[in-house]
Amino acid sequence: MTYLFYAILGFLPSLIWLAFYLRKDKHPEPNSMVIRVFIWGILLAPLAVILEMALIWLTNPSVSPLTILSDGIENGFLKMILISAVIPALVEEYLKYSVVRRKIVKNPEFDEPVDAMLYCVIAALGFAAVENLLILFSSPLMPIDQAFGTITLRFLGATFVHALASGFIGYWLALSLLEIKKRKRLIFTGLSLAIIFHAGYNYLIITAIEINKSAVFLVIIFLAAMAAIVSYNFKKLKKLSAVCKI
């Protein structure tokens, strides 16, 4: 029973944000599509772990990826930023984008520019749910009060970051479908911005907060600014009624 409760708790942040974003859609997507994309986001997580471990290993082939992570700052500041901030952001944002680009864009239900943002966010929330579960079910199992605290922080932090970063990509993906001649450049721009944002958040959480507790206010400002941008982009796309050019 405890494990079931923790599983529900792990999914809760993603489901709350999912309900929030779905309410923003004037023309609701079919439940079957929402569930399908959410599950695809879940299935991306194991692949992301494998790719991240492989890339981390390439930074030092003679050492286990887990050893590199546990050694911390002893590996050097720049290397730690690379393996703890940049690599996860690069792998995760590309995978979340790719599943929408390959599996959703050509679907008949994909008929509005804003759908690109919405489906990218849905995939991201499925991905984030797995991350929450991995943390909650880490050994030994954390006490329930600690579990609540952890999930609350992840609701406001990591889960929200995944949604925002994918929102960035979704916006530029939508523009790329409307501007065929600029498609590659627009997608590259969206991916780059999402990776920079995600890596920036990782950097603040992993390094800055450990050094200076007041950096938490910098994280709040950072997230608030990014949320405002994503919200603005969402409103811009909702005004575009044209069917995307696939």
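**Helices, packing and internal space in a predicted all-helical model**

Helix α2, covering residues 31-59, makes a convenient starting point: its 29 residues reach 42 Å from the first C-alpha to the last, close to the 42 Å expected at 1.5 Å a residue. The model is a predicted one, and the values below should be read with that in mind. Within α2 there is a kink of about 25 degrees, centred on P46. The buried residues of this helix are M33, V34, V37, F38, G41, L44, A45, A48, E52 and I56; a glutamate, E52, is thus listed among the buried positions of α2.

Stepping back to the whole chain, the secondary structure comes to 9 helices and 0 strands. Read from the N terminus, the order of elements is α-α-α-α-α-α-α-α-α. The protein has 246 residues, and 49% of them count as buried.

Two further helices can be set beside α2. Helix α7 has 21 residues and reaches 31 Å between its first and last C-alpha atoms, close to the 30 Å expected at 1.5 Å a residue. Coverage of α7 is the striking part: 21 of its 21 residues are buried. For α9, 24 residues at 1.5 Å a residue should span 34 Å, and the end C-alpha atoms are 35 Å apart, which agrees. The buried residues of α9 are A215, V219, L223, M226, V230, N233, F234 and L237.

Individual residues illustrate how positions distant along the chain come together in space. S14 sits in helix α1, residues 2-22, and counts as buried at 0% relative accessibility. The C-alpha atom of S14 is separated by 9.6 Å from that of V130, although the two residues are 116 apart along the chain. A second example is L125 in helix α5, which is buried with a relative accessible area of 0%. Between L125 and I39, 86 residues apart along the chain, the C-alpha separation is 9.5 Å.

Aromatic contacts come next. A pair of aromatic rings is described by the distance of the centres and the angle of the planes. A search of the whole structure finds 15 aromatic pairs. One pair to look at in the viewer is F197 with F222: the ring centres are 5.3 Å apart and the planes lie at 35 degrees, so the pair is tilted, given that angles under 30 degrees would count as stacked and those over 60 as edge-to-face. F197 lies in helix α8 and F222 in helix α9 (residues 215-238), so this pair ties together parts that are 25 residues apart in sequence. The two partners fall into separate accessibility classes: F197 is buried, with a relative accessible area of 3%, whereas F222 counts as partly exposed at 22%, the cut-off for buried being under 20%. Elsewhere, Y3, F5, Y6, F137 and F148 form one aromatic cluster.

The remaining results concern empty space. Rolling a probe the size of a water molecule over the atoms shows where such space is left. The largest pocket holds about 1,000 Å³. Its lining comprises 33 residues, of which E131, I135, R154, A158 and N202 lie nearest the centre of the pocket. The elements giving two or more residues to this lining are α2, α4, α5 (113-136), α6 (144-156), α7 (158-178), α8 and α9. Helix α8 gives the most, with 6 residues. By class, the pocket lining has 23 nonpolar, 6 polar and 4 charged residues.

Enclosed space is also found: the structure holds 1 cavity of 30 Å³ or more, and the space in the largest cavity is about 30 Å³. M80, I81, S84, A85, N202, Y203, I206 and T207 line that cavity. The elements giving two or more residues to the cavity lining are α4 (77-103) and α8 (183-211). In terms of class, 5 of the lining residues are nonpolar and 3 are polar, with no charged residues. N202 deserves a closer look in the viewer, since this residue appears in the lining of the cavity and is also named among the residues nearest the centre of the largest pocket.

Methods:
Residues numbered from 1 in each chain as written. Predicted model: local features only at pLDDT ≥ 70, side-chain atom pairs only at ≥ 80, totals over all residues. Heavy atoms only, no water. 1 Å grid on protein atoms, 1.4 Å probe; cavity = no way out; pocket = protein on both sides within 12 Å on 5 of 7 lines; lining within 4 Å. Points joined across faces, edges and corners; volume = space filled by probe spheres on them. Helix = DSSP H or I, 4+ residues; strand = E, 2+ residues; numbered from the N terminus. Nonpolar A, V, L, I, M, F, W, Y, C, P; charged D, E, K, R; others polar. Expected span 1.5 Å × (residues − 1). Bend = angle between axes of the 7 residues up to and from the residue. Buried < 20%, exposed > 50% of the residue type's maximum accessible area, 1.4 Å probe, protein only. Phe/Tyr/Trp six-rings, centres within 6.5 Å; stacked < 30°, edge-to-face > 60°.
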